[in-house]
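Student: I have a sequence and a set of coordinates to read. Can we go through them by question and answer?

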Amino acid sequence: MAAIHMKQLVKRYGDTVVIPSLDLEIRDQEFMVFVGPSGCGKSTLLRIVAGLEPIDGGELYIGEECVNDVPPAKRDIAMVFQDYALYPHMSVYDNMAFGLEMRGTARAEIDRRVKRAADLLHIEPYLKRKPGALSGGQRQRVAMGRAMVRNPQVFLFDEPLSNLDAKLRTEVRTEIKALSQELKTTMIFVTHDQVEAMTMADRIVVLNKGVIQQVGTPDQVYREPANQFVASFIGSPTMNFFDVAVERDTLRLKTGAALPVPPRLLQVLARDGARTAVAGIRPEHLQIGPSGGAGIGITLSVVEPLGSDTLLYFNCEGGRHVARVPPDFKARAGDSATLQLPGEKIHLFRSSDGTALR
């Protein structure tokens, strides 16, 4: 087992700097998730850990060893890819055993490891089948089993659930998390899906343009986003944002509506001296009431019943916003309603750079 330490890590492709300078500590036995939009550098970072991409500056440690110049085969890592990468002419058993055979592992030990992995992944009935006779979820389990039998220091997952349907994604996601708890091995999981990040991670690294925006537990990045980018990326639907003017203890919206500054932020705003800010609030914290009540008048544009709750979309303050309400809330597109923003649930971000005011 091993911790991973990145010190001032730099990656370029020609004149393009993909990762300008990155510092990150991944703890031993931690399940770390890299999340961010396409092109943010998360897969590049994973491939650097694997040794599939050279670095242009800084140092990378796996355990106590600097592995800058160590080839992939000697890093004692195992990688699970998005496309399974199974040998179609081999049985499931042989796919899982192949890497161990190439290393000269004893046959009895190979058999023990393959059967243990198959038991953990619930694929014992398929050991004699070829990959073509398996479903997508079963093939992904085989790819995971092939990595598991090696007993590596570090597991790397490069968007392994992207090719699965919604039901299988949930099922395999749960199994990967259970495996991490069973195997107690350092794992890095790359995804652009923030739901996967929130449900699986011990800690999340939110990346944008090769720069770490925030590192924290799922609860921390959700409840205390470091900046407006993190607040907008983590959470589904995304956080609502309103431009406001700061007037001592009042936040003034464009429509003229006034909101009290949350008490926890009064001193922060006074110290910062900001005259404008961006107020953010999660969809589940918006309060929607009947037309004519206290609050800001709105007109609902789209109503999406999801069974467990309902999403209400509306235009306000020059932007489109969404509220999450209980499933028994009765409304139709075109209905008038009133909107309230509870002060205690508001996040404030600097207008200049989007950093959170705390």
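Loops, sheet, core and salt bridges

Tutor: Keep in mind that this is a predicted model. Ask about one place at a time.

Student: Is Leu 286 buried or exposed?

Tutor: Leu 286 lies in the loop between strand 14 (276–281) and strand 15 (287–290). Its contacts beyond four places in sequence include Asn 240, Phe 314 and Leu 339. Buried means under 20% relative accessible area. Leu 286 has a relative accessibility of 4%, so Leu 286 counts as buried.

Student: Which loop holds Pro 225, and what is its relative accessible area?

Tutor: Pro 225 sits in the loop between helix 7 (218–223) and helix 8 (228–233). Residues touching Pro 225 from more than four places away include Val 230, His 347 and Arg 358. Pro 225 is buried, and its relative accessible area is 2%.

Student: Which strands stand at the edges of the open sheet of five strands?

Tutor: The strands of this sheet follow the order 13-12-11-14-20, with antiparallel pairing. An edge strand here has a single partner, so one side of it is left without a neighbour in the sheet. The two strands in that position are strand 13 (258–260) and strand 20 (347–350).

Student: How many bridges join strand 11 to strand 14?

Tutor: Strand 11 covers residues 240–247 and runs antiparallel to strand 14. Within this pair, Ala 245 stands opposite Thr 276. The number of bridges joining the two strands is six.

Student: Which residues have the most contacts inside the largest nonpolar core?

Tutor: That core has 47 residues. Ile 176, for example, touches Phe 31, Met 144 and Phe 189, among others. The residues with the most contacts inside the core are Met 96 and Ile 176.

Student: Which helices are linked by the salt bridge of Arg 169 and Glu 196?

Tutor: Side chains of opposite charge can pair when their charged atoms come close. Here the N to O distance is 2.5 Å. The two residues are 27 residues apart, and the pair links distant parts of the chain: helix 5 (residues 166–183) and helix 6 (residues 194–200).

Student: Is Glu 196 buried or exposed?

Tutor: Its partner Arg 169 is buried, at 18% relative accessible area. The cut-off for buried is under 20%. Glu 196 has a relative accessible area of 3%, so Glu 196 is buried.

Student: How many salt bridges does a search of the whole structure find?

Tutor: One of them joins Glu 101 to Arg 107, with the closest N and O atoms 2.8 Å apart. Arg 141, Lys 167, Glu 171 and Glu 175 are linked in a network of salt bridges. The search finds 19.

Methods. Residues numbered from 1 in each chain as written. Predicted model: local features only at pLDDT ≥ 70, side-chain atom pairs only at ≥ 80, totals over all residues. Heavy atoms only, no water. Helix = DSSP H or I, 4+ residues; strand = E, 2+ residues; numbered from the N terminus. Buried < 20%, exposed > 50% of the residue type's maximum accessible area, 1.4 Å probe, protein only. Contact = heavy atoms within 4.5 Å. Pairing = 2+ DSSP bridges. Core = buried A, V, L, I, M, F, W, Y, C linked by side-chain atoms within 4.5 Å. Salt bridge = Lys/Arg side-chain N within 4 Å of Asp/Glu carboxyl O.
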